[in-house]
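Trainee: I would like to learn how to read helix packing. Please walk me through a case.

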Amino acid sequence: MSDRLDMAVVDAMHGALRRELRHIADVTARSDPDPRQVLRTSTGWELFKRALRAHHSAEDDALWPALRRALRGRPYDLTRLEAIEAEHATLAALVTAIDDALTCSAPVPATGPDLFGVLTGSLVTGLAGHLGHEEDAVFPLVQVVLSEEQWAHFGRTHAERIGPHAELLVPWLLDGADERAATAVLARLPEPARRAYGERWRPAYAALDRWSAPLARA
């Protein structure tokens, strides 16, 4: 893929989402502790949902409309974009269904399919596939047909969606990110936020046990 547009922030987000999918798969593959209780109370599940909502809403509002306009007269490429948008809706419904299942007090069935397990498995495989679809089919188009200003608008929107939870989502995003991605993300922060990241946000995040400690709902 060409580097005409800097994809470092998107690369970091996709890497972070894949990292959390591995945690979700690991948690839900065990029966002890109860995976429903872990997701119901964990910091990790809440951060994952906040990040996914921020990322997908920025794409829905600031990236896909610009791309759709640029792809007029290219029905095959528009069909691929429509498929990606449909995946967003499916993934959002899965997250909602999982949250609904977490409020259910019914015991896990001893035999037959476990709805919670089916839902979380579908989320893990569905989101992993979706990220690959974006990277293989859509972002190459972004590099070719979007202007730098259109891409910058998406970047600003993405930062705005992360902003309300920046003290948690910025270190979450950079957990395990390579130097290029970390530099790109931090460069987009105002100086006070960069200073807060180094002095407070990153140490506080490092102290979290994301997949057992609760996080207050926003």
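Mentor: We take helix pairs, then aromatic rings.
This is a predicted model: local features need pLDDT of at least 70, side-chain atom pairs count only at pLDDT 80 or more, and totals for chains, interfaces and linings use all residues. Residues are numbered from 1 along each chain as its sequence is written, and side-chain values use heavy atoms, without hydrogens and water.

Trainee: What describes two packed helices?

Mentor: The angle between their axes and the distance between the axes. Axes are lines fitted to C-alpha atoms, for helices over the stretch in contact, with angles from 0 to 180 degrees between N-to-C directions. Helices are DSSP runs (H or I, at least four residues), numbered from the N terminus. Here, H3 (residues 43-70) and H6 (residues 148-162) have axes that come within 9 Å and cross at roughly 160°. H3 and H6 are therefore roughly antiparallel (over 145 degrees).

Trainee: How do H1 and H6 cross?

Mentor: The axes of H1 (residues 8-29) and H6 come within 11 Å, at roughly 40°. H1 and H6 are therefore oblique (not under 35, over 145 or 65 to 115 degrees). Val9, Val10 and Met13 of H1 meet Trp151, Phe154, His158 and Ile162 of H6 (heavy atoms within 4.5 Å).

Trainee: Which aromatic pair lies in H6?

Mentor: Rings of Phe, Tyr and Trp (its six-membered ring) pair if their centres lie within 6.5 Å. Trp151 and Phe154 lie in H6, three residues apart. Their pair is tilted (planes neither under 30 nor over 60 degrees apart), with 5.1 Å centre to centre and 45° between the planes. Trp151 and Phe154 are both buried (under 20% relative accessible area, 1.4 Å probe, protein chains only).

Technical notes. Helix = DSSP H or I, 4+ residues; strand = E, 2+ residues; numbered from the N terminus. Buried < 20%, exposed > 50% of the residue type's maximum accessible area, 1.4 Å probe, protein only.
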